[in-house]
Every structure is written in structure tokens, then in C-alpha cells.
Amino acid sequence: MNIPLLNLKRQYKNIEKEVNSSVLECFENAQYIMGENVKQFEKEISEKIGCKYAITVANGTDALIIALKSLGIKEGDEVITTDYTFFATAEAIRFVGAKPVFCDVELDTCNIDPSQIEEKITDKTKAIICVHLFGNPCKMDKINEIAKNHNLFVIEDAAQAINSQYKGQNVGTLGDIACFSFFPTKNLGCYGDGGMITTNNDDLATIIKALKVHGSGENGMKAYSIINNVEMEKMEVSTGDNTVYNPLKYYNYLIGHNSRLDEIQAAILRIKLKHLDEYTENRRNISHKYIEALKDTSLVMPTETEGGKHVFHLFILQSDNREEIEEKLKEKNIATGTYYKVPMHLQKAFNDLGYKKGDFPNAEYLSERTFAIPLFPEMNDEEREYIINSLKEIV
Ligand SMILES: Cc1ncc(COP(=O)(O)O)c(C=O)c1O
């Protein structure tokens, strides 16, 4: 048996007919940019998440950058975030010119430790980016309370956590803005890059819609008037078929991006969205079976946040003997992955921030012990039992 971390080929086979016909339809319609599938997907996913606006962008990293920009975060500002995450979370803060201020994590949930946030707040702090790491929601009550007391924005990095909940409420609705990734390996992944920003705030939604398309057109003008607090001008009226030529595109009001979800990716995501609950339940069932079977071994099991619904983007174990276990699993053709070997404060790219080894003991501890074992919704019982038995034998 050969078990990969994720089996996207098997998933495609299950939805092959639907995907193929809907992709072919995109070619027939020839509306390649922000067509009907993008519009419908945004509507369907906003209903699923329960947010007022779901605005698609080109990838999860752009979602973070555009979210930060829409809040006016720029050079001179500070943003507090977790030290233990995928690089893009902190990279986006740097990209808009602000300073990432790292915070250590909880050893059990692997998420930002809310009890350490307050001491990092200065008069330059503008926002907190919390990451629902591996699909496990952060302790949002505490984070939102701190943010409220200090007048800070809360951005959820929900790239790994679509369909996760905290106290019965979906991630993506728990802060001011949330960012998602549809990278192929994500719980809702497309067949290329994709991302999304959600918010309930009308003004932020207008600014985000403008920023993703060069700050142009009607949204650009509205965003300009919101940001600068000025009256809207009268616009040239767009008439006729706008598919190929839209005159409003050539009026630019903000320095933005070209960051759009592709029409073909939206068509694929619409199909996969219909299966998301089933995919999530399968991930949770397999994870709970793993935990039940392995909880009495020397391996440390993942912890679900109290009041939260973990969607197990990754199934992360901890061990003192990580390398040895990974090596032995490899011999048995079971794939593993290490998420993440280098915490943010030790990434070379952040040398200029002046952090050193020892600054965030929990993140460092986790980075030396965590590893992921295969988990995907289409995993069968035989594969699961093979992994469990192999691990039991090894440890
Ligand atoms: C926590 C987190 N934030 C942001 C991103 C960036 O998303 P993308 O790869 O779509 O740019 C990822 C994706 O890998 C992620 O895991």
C-alpha cells in the first residue's frame, strides 16, 4: 500500500463528470474573467458561511494583502499575529509596509495564545491576525474582547479552516474580515490558485472589490469617496455588452491589484462546495478514529479548541522522535509532512525584526515535534487501519 498525504486524483475521479462538463461550459460561454460562475460561487459561499460579502481573489496571500490594505494598514503600523503559521500570514503584513509583531502559541491548540496578546499592544498596533491553524478555530471570544478594548481590527486567516466553527458560528464571520485560500490541497481547493475575503462591512466590501481590480470602475470611485470622505462624481455610463470592452475599467481611483478568481476555478469550486459538508465530516470521522486508536501511545494527539469545530485540514501529531517515526513510515510507504519547521521569528526573511532563538518557546517546541500523517476525505478503512497499525508498531 502506498498512501499519500492527500489523494486529489481519487477525489477528481468521484466528481469527474460534473467537473468536466462545467469546465467545458466555461469554454462555450467564453466569459473568462469574473463571469457567471464567479458571481454564483460568491453568492453560494456567502450563504454557506453566513456572511454579507464573499469576494473572490486570485489566492489566499492576496486575500491577506488586500484585507490589510482595505483597513488602511500601512508603513508605521504594527499587526500582531501568531509566530506559528504558514509564511504568507506574516509576509502580507510586511508586504503592505507594516511590522509583524509575533505572539507565542498554545501548546495544545497550536493557535495564538490570547493571554500573551495584550502585552504586545503599542500605540502603533492596528490589528490582530489570528490563524485557525490546521483547521482548528482560535479562541475568538478572548481575541475579540482584547481587540474591542484596544480598538483593533481582527482579521481571521481562515486559509486552512473553511467550514470550521467557533461556538456555533462559522469562521469567516468571527472578526472584521476573513481570508481564505482555495489552493488545491485546502479543504475546499480548486485546480490552481484561488482565494477569498469575507466581511459583513459594506464600506470594506466596496474597497476590497475596488482593490482587486486596479482600483477601477464604479467600485473604485465609491471606494475613493469612502476613503477620502468626498462626494462621488458622475461617471460615464457603461452601455451594451461589457464582456470585451468596458469603458469604466479605464478610470482608476486607487493603486490596487489584478487579483481575480478565474472563471474556470469558480466553476470547479461550485461543484466542490456542494460536497464540502461531506468532505468535512469524513475528515472529522477519520481524525476521531485516529485519536481513539492512538491516544494511549507516546504520540501527542491534536486538541480541538473548546467550543470549536476542528475541520482537520491537517492531522498533526507530536513526538520527541519525529524524524525517526517519519523515516519508518516512509519505509512503509506512508507519506508525512512537517508543518512547520521554522517559526516566523526564525525565518531568515524576518532577520531585520531582530528576534532570536528562545523568544517564543512554544512555537519553537512545536516546530521540533509536529508532523502530519495522511488525511483526506476519500481515505478508506483499510488505509486508515494500515496507518494506525504502522504507527502503533513504530512507537
Ligand atoms: C495559514 C495560511 N495563510 C495563508 C495562506 C496563503 O494562501 P495561498 O497559498 O492561496 O496564497 C496559506 C496557504 O497555504 C495558509 O495555510
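In this predicted model, strand β11 (residues 315-318) and strand β12 are joined by four bridges and run antiparallel. One of the pairings can be named at the residue level: Phe315 has Ile373 of β12 as its bridge partner. Strand β12 itself covers residues 370-373, and its side chains divide between two directions. Thr370 and Ala372 point one way, while Phe371 and Ile373 point the other way. Despite this division, all of these residues are buried, and Ile373, the partner of Phe315, is thus listed among the buried residues of β12.

Attention now turns to a helix pair. Helix α2 (residues 36-49) packs against helix α8 (residues 263-294) at an angle of about 35°, and the two axes lie 8 Å apart. The crossing of these helices, α2 and α8, is left-handed. On the α2 side, the contact is made by Asn37, Val38, Gln40, Phe41, Glu44, Ile45 and Lys48. These residues meet Glu263, Ala266, Ala267, Leu269, Arg270 and Leu273 of α8. Sorted by class, the contact between α2 and α8 holds seven nonpolar, two polar and four charged residues.

The ligand offers a third point of interest. Its surroundings comprise 15 residues, of which Asn59, Gly60, Thr61, Ala159 and Ser181 are the closest. Two helices, α3 (60-70) and α4 (87-95), are the elements that give two or more residues to this shell. In terms of class, the shell around the ligand contains eight polar residues, five nonpolar residues and two charged residues.

Note on methods: Residues numbered from 1 in each chain as written. Predicted model: local features only at pLDDT ≥ 70, side-chain atom pairs only at ≥ 80, totals over all residues. Near = placed C-beta within 6 Å. Nonpolar A, V, L, I, M, F, W, Y, C, P; charged D, E, K, R; others polar. Buried ≥ 20, exposed ≤ 12 C-beta atoms within 10 Å, placed from the backbone. Pairing = 2+ DSSP bridges. Axes fitted to C-alpha atoms, helices over the stretch in contact; angles between N-to-C directions. Left-handed = near helix turned anticlockwise from the far one by under 90°. Contact = placed C-beta atoms within 7 Å.
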